[in-house]
Amino acid sequence: MYTFIYKAADVPSVQRLLEHDKAALIVAQYGHARCVTHIRRGLEGLRREVLAQANGPVRFSADAFLEKVNERLAADAQSSLRPVINATGIPIHTNLGRVPLAAEAIAAINAVAAYTTLEYDLETGERGTREGRLTDLLTELTGAEAALVVNNNAAAVVLALNTLARDRDVVVSRGELAEIGGSFRIADIIARSGARLVEVGATNKTRLQDYAAAIDEDVTVLLRVHPSNYRIEGFTEQVTREELSQLAREKDIVAIEDLGSGALIDLAQFGLPAEPTVRDVLASGMDVITFSGDKLLGGPQAGIIVGKTALVEPMRANPLYRALRPDKLSIAALEATLRLYHDPDRLPERLPLLRMMTTPLEVLRERAARLRWSLPAALRARVATQDDVGYTGGGALPRQAVATVVLAIDPVSMSIDTAAKTLRENTPPVIARRAKGRLLLDFRTIAPSELQTLSDALRRLLTAASR
Ligand SMILES: *Cc1c(COP(=O)(O)O)cnc(C)c1O
């Protein structure tokens with residue numbers, strides 16, 4: 001039922017709309033205040049439309065108006081963080097929340113969401129230490145003397161340098177002064193930590209002599225940074241960890257490494273490319289190492305600092321630690337994830353990241369075929385399963401191609417952009433990969449439990465693309 005509105009004064013009042021049957025339902029669901037706000041907003045738009053009208057009156061239906069209000073409130077009520085299906089094939093995907101957590105870590109988060117013993121010692125009834133068993137687990141797993149956990153690896157680097165090199169000099173190779181991810185520039189991080197950067201060497205070559213020549217009484221730290229997302233190739237030279245830490249010892253200064261991903265165990269045992277483990281890096285003589293909790297480790301966002309007690313404990317005592325420390329949810333999830341490392345044999349089945357990275361190609365091929373055959377024959381013709389290569393992501397194993405299997409979609413009468421957008425609009429959204437004019441669903445990161453949802457999404461997409 002429509003009415004026609006000729007002048008602004010005839011625009012209905014908020015009160016009149018609230019008396020409508022439909023409004024009662026909306027108020028019951030979203031509350032009076034939110035409902036009034038959105039009705040008022042809609043009416044302002046209507047008023048502007050009436051004032052701007054050149055070609056006669058504006059048609060108005062209270063029913064349609066309130067339906068729109070309802071849609072807006074529903075969209076508004078949706079959490080901004082939504083689960084998605086990662087079909088990009090990149091297991092450590094920073095934009096998609098890095099890595100999925102193990103069931104044990106998720107259970108731990110649930111368990112501590114209420115009151116917990118975060119800083120409470122049940123035995124004495126007095127204040128306890130915040131990180132509890134977490135630091136013990138880390139020292140056991142890495143062989144380090146001491147460990148400390150902060151919010152993320154960027155925070156770990158800031159805290160380490162602020163504690164050990166504030167108002168002093170930090171020497172870094174020019175080949176390692178990169179930008180990692182969206183906003184992590186080593187040079188900026190050093191500046192913000194209150195330390196002064198001293199660059200040595202050239203982009204492609206830095207020799208031990210370059211470091212040695214830069215060391216004077218202002219230098220307290222030699223910093224090595226893992227080239228996470230880039231590689232300098234060709235005519236290159238880099239100082240080894242052994243050489244660097246040896247030099248630091250001789251000069252009585254500190255060798256720190258920002259390891260980025262930080263593997264806790266040897267990944268080669270699962271057939272993956274070898275990365276030096278945190279234990280290896282410590283054994284090579286580095287005094288302090290920082291790395292992420294949500295890259296190769298497969299846990300929650302966290303920055304982990306391990307190293308010599310005399311260097312790590314002052315970081316805990318630094319007032320900045322109070323601003324960078326993790327919350328109870330992260331602590332619980334990290335602790336639960338680390339406990340899984342006590343049984344490395346079962347890690348590939350329990351840690352989702354490792355499960356994805358180690359799934360054999362023939363299993364991926366079988367899943368891709370299963371998804372393809374779940375489609376009606378007419379649609380099936382437009383998807384093909386094929387072998388492909390992908391990357392681990394998250395600055396781990398950079399440029400190391402990983403064999404994978406994809407479903408290549410040819411939407412025929414729809415652009416790749418529109419097809420990708422249609423999949424993103426699915427519930428849950430499906431994030432695909434694009435290559436050479438095709439839309440690819442990469443099975444490296446697709447869980448078997450997601451196949452049915454993907455099948456439905458694909459059927460809808462291809463049906464829409466047939467029209
Ligand atoms: C990823 C990365 C960082 C940033 O780690 P966050 O945990 O995301 O803060 C810093 N340094 C290196 C070398 C990295 O690879």
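**Exercise 1.** Which residues in H6 meet which residues in H14?

Solution.
Step 1. The model is predicted, and the two helices are located by residue number: H6 covers residues 133–142 and H14 covers residues 328–340.
Step 2. Look for heavy atoms within 4.5 Å of each other. On the H6 side this gives Arg 133, Leu 134, Leu 137, Leu 138 and Leu 141. Their partners in H14 are Ile 331, Leu 334, Glu 335, Leu 338 and Arg 339.
Step 3. Sort this contact by class: 7 residues are nonpolar, 3 are charged and none is polar.

**Exercise 2.** Describe how H6 and H14 are placed against each other.

Solution.
Step 1. The axes of H6 and H14 lie 10 Å apart.
Step 2. The packing angle of the pair is about 35°.
Step 3. The crossing of H6 past H14 is left-handed.

**Exercise 3.** Identify the surroundings of the ligand and its polar partners.

Solution.
Step 1. List the residues with a heavy atom within 4 Å of the ligand. They are Arg 98, Asn 152, Asn 153, Ala 154, Ile 180, Phe 184, His 226, Ser 228, Asp 258, Gly 260, Ser 292 and Lys 295.
Step 2. Classify this shell: 6 residues are polar, 3 are nonpolar and 3 are charged.
Step 3. Check side-chain distances. Asp 258 places a polar side-chain atom 2.6 Å from a ligand nitrogen atom. For ligand oxygen atoms, the distance is 2.7 Å to a side-chain N or O atom of Ser 292 and 2.8 Å to a polar side-chain atom of Lys 295.
Step 4. Assess burial: of the 380 Å² that the ligand exposes when taken alone, the protein buries 92%.
Step 5. Assign elements: helix H7 (153–165) and strand S12 (254–260) each give two or more residues to the shell.

Key: Residues numbered from 1 in each chain as written. Predicted model: local features only at pLDDT ≥ 70, side-chain atom pairs only at ≥ 80, totals over all residues. Heavy atoms only, no water. Axes fitted to C-alpha atoms, helices over the stretch in contact; angles between N-to-C directions. Helix = DSSP H or I, 4+ residues; strand = E, 2+ residues; numbered from the N terminus. Left-handed = near helix turned anticlockwise from the far one by under 90°. Nonpolar A, V, L, I, M, F, W, Y, C, P; charged D, E, K, R; others polar. Near = heavy atom within 4 Å. Polar contact = N/O pair within 3.5 Å; in protein donor to acceptor, adjacent residues only side chain to side chain. Areas by Shrake-Rupley, 256 points an atom, 1.4 Å probe, with all protein chains shown as cover.
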